[in-house]
Amino acid sequence: MTEYALTPKPSPSGGSKGVSKWKIVVFGQCLSFMLASVWATQSTLFLTCNWNAPAFSCSWVYFLMSLNLIPLVMKQRRRGSTLMTSSLTNATTSVDDDAGDDDDTNTKMTTITDAAAAAVAEAAPSTPPKYTFLHTIPLQSSVWVYCGMAILLFYGNYLSLVAIRYTTITSISMIDAVSIPTVMILSRCCLHRKYVKWHVLAAMVCMTGIFINLGVDLWSNKEEDEDRFSDGSKEYPNKIVGDVCALSAGVMFGINDVLTESTVRKNKGMAEYLGMIGFFGTFIAIFQMCITERAAIVSIFQGTTGCAPLATAGLLIVFVLGEVSRKMGNAYFLQLSEAALLQMSLLTSDVYTAIFSIIYQGILPHGLFWFASALVVSGILVYELGPSPIVKEGDRDEADEMHGIINADAAVMVTKADVV
């Protein structure tokens, strides 16, 4: 029987053997810094260049992610070629051993031809993969599952970037923190994570810091509006729209992270996940930008943005490369750890954003900001003091069970579609 596993097998705990929990914390801070850099780039594009086209920006991100499918295709072809060559060689050798020197040449050629046909049949898998993509790539999860995850991830990113038009980056990143309770609830219910009092306390400490920062941000914006606009107008008159977009994005990110954790653990790797999400995400982004961003796309090619064309293109390239690296890092993090810690780690992106503001804009945050940020960091450390919520024994079976339910539902959908 042909083996279709495409990636190394992880440890039974679902993580990577020999990786210290504190190394994972440091890795999470690297991802948080990358998130802050991506936000700073996208904010500069909007505030300085007066250009905001989230679907167009994300389309390049997902296209680069889809390139992960190429190694999978090449690996599958090499595997099939190797199996067939090996089988054919063995069959030919067997014919040569069985045939005598006085055998008729035509008879021998016929025997070799029959052996070749048998070798081709032997090289073909006796049990075809349950899921395939384009009849070429064997998958460990349903195509419909990847399509749904791509929709969640794309529109989470899209709504976050749209929110930049209506509210501050600080508000966006803090409201996105709603993904923490979303992740913990879903992980507890679907992946049977074992959260103890330390984990709950850590989440409460982090959320307290977030609420303090949110209050400081709202108060600071109100004071700035009163100083700058004597007629009572506001810099962000539709702030509630931006907050709703950020809130929706946070919920989507939370759901997607739980599904991603389940997927990369079940697949024992992230290449299939990244490639399939990138493939579907590319088409979703193209569809969205054709509807809502035609004028913005034309402006960047005509050079009518607020920045020079090369500057706009450079910022866009930095955003795309940074976002691709961040998504790959997130997927790898979820192989080593779990979604709740990932979301808590990303909360410190506000600190890096504040450092950027101090260095490049000379803007000093409110004193309470540093207190709130210290609470967030403390929450992450407290979370790591508790035992891992990932069950050591049987965890992979539970993740497989969840994934099996999702894939079974997808299979039923396909069957109904075929009947229709």
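Rings of Phe, Tyr and Trp count as a pair when their centres lie within 6.5 Å. Keep that in mind while looking at this predicted model, where Tyr 62, Phe 154, Tyr 155 and Tyr 158 form one aromatic cluster. Inside that group, take Phe 154 and Tyr 155: their rings make an edge-to-face pair, with 4.8 Å between the centres and 80° between the planes. Phe 154 is buried, at 0% relative accessibility, while Tyr 155 comes out at 22% and counts as partly exposed. The cut-off for buried is under 20%, so Tyr 155 falls outside that class.

The count of aromatic pairs in this model is 14. Another one to pull up on screen is Phe 27 with Phe 333, a tilted pair with 5.9 Å centre to centre and 35° between the planes. This pair links distant parts of the chain, with Phe 27 in helix H1 and Phe 333 in helix H12, 306 residues apart. Phe 333 is buried at 0% relative accessibility, and Phe 27 is partly exposed at 23%.

While you're on H12, have a look at Lys 327, which is found in that helix. Is this lysine buried or exposed? Lys 327 has a relative accessible area of 7%, so it counts as buried. Leaving aside residues up to four places away in sequence, Lys 327 touches Val 61, Tyr 62, Met 65, Leu 153, Asn 157 and Leu 274. One of those contacts, Tyr 62, is also a member of the aromatic cluster we began with.

Now for the empty space. Rolling a probe the size of a water molecule over the atoms shows where such space is left. Here the count comes to four cavities of 30 Å³ or more, and the largest of them holds about 470 Å³. What lines the largest cavity? Its lining is made of 31 residues, and Leu 35, Phe 253, Arg 326, Asn 330 and Leu 346 are the ones nearest the centre. By class, 16 of the lining residues are nonpolar, nine are polar and six are charged. Several helices take part: H1, H5 (143-163), H9 (239-267), H10 (271-292), H12, H13 (339-346) and H14 (349-361) each supply at least two lining residues. H12 gives the most, with seven.

H9, one of those contributors, is worth a closer look. Thr 260 sits in this helix and is buried, with 2% relative accessibility. Not counting residues up to four places away in sequence, Thr 260 touches Met 149, Tyr 273 and Leu 334. Leu 247 is also placed in H9, but at 42% relative accessibility this leucine counts as partly exposed. Leu 247 and Gly 156 are 91 residues apart in sequence, and their C-alpha atoms are 9.6 Å apart in space. Cys 245 is buried too, at 13% relative accessibility.

Speaking of cysteines, how many disulfides does the model have? The count comes to one. This disulfide joins Cys 49 to Cys 307, with the sulfurs 2.1 Å apart. The torsion about the S-S bond is about -90°, so the disulfide of Cys 49 and Cys 307 is left-handed. Cys 49 lies in the loop between H1 (21-47) and H2 (54-66), and Cys 307 in the loop between H11 (294-302) and H12 (309-336), so the pair ties together parts that are 258 residues apart in sequence. Both cysteines are buried, with Cys 49 at 0% relative accessibility and Cys 307 at 15%.

Finally, a word on the backbone. Most residues other than glycine have a negative phi. Asn 50 isn't a glycine, yet its phi is positive, at about 55°. This asparagine lies in the loop between H1 and H2, the loop that also holds Cys 49. Asn 50 is exposed, with a relative accessible area of 62%, whereas Cys 49 is buried at 0%. His 192 also has a positive phi, near 55°. You'll find His 192 in the loop between H7 (179-190) and H8 (197-228), and with a relative accessible area of 31% this histidine is partly exposed.

Methods: Residues are numbered from 1 along each chain as its sequence is written. This is a predicted model: local features need pLDDT of at least 70, side-chain atom pairs count only at pLDDT 80 or more; totals for chains, interfaces and linings use all residues. Side-chain values use heavy atoms; hydrogens and water are left out. A disulfide is a pair of cysteine sulfur atoms within 2.5 Å. Helices (H or I, at least four residues) and strands (E, at least two) are DSSP runs, numbered from the N terminus. Buried means under 20% relative accessible area, exposed over 50%, partly exposed in between (1.4 Å probe, protein chains only). On a 1 Å grid over the protein atoms alone, a cavity is a set of points where a 1.4 Å probe fits but cannot get out, and a pocket is an open set with protein on both sides within 12 Å along at least five of seven lines; lining residues have an atom within 4 Å of a point. Grid points are joined across faces, edges and corners, and a volume is the space filled by probe spheres set on the points. Ala, Val, Leu, Ile, Met, Phe, Trp, Tyr, Cys and Pro count as nonpolar, Asp, Glu, Lys and Arg as charged, and the others, Gly among them, as polar. Rings of Phe, Tyr and Trp (its six-membered ring) pair if their centres lie within 6.5 Å; planes under 30 degrees apart count as stacked, over 60 as edge-to-face and the rest as tilted. Contact means heavy atoms within 4.5 Å.
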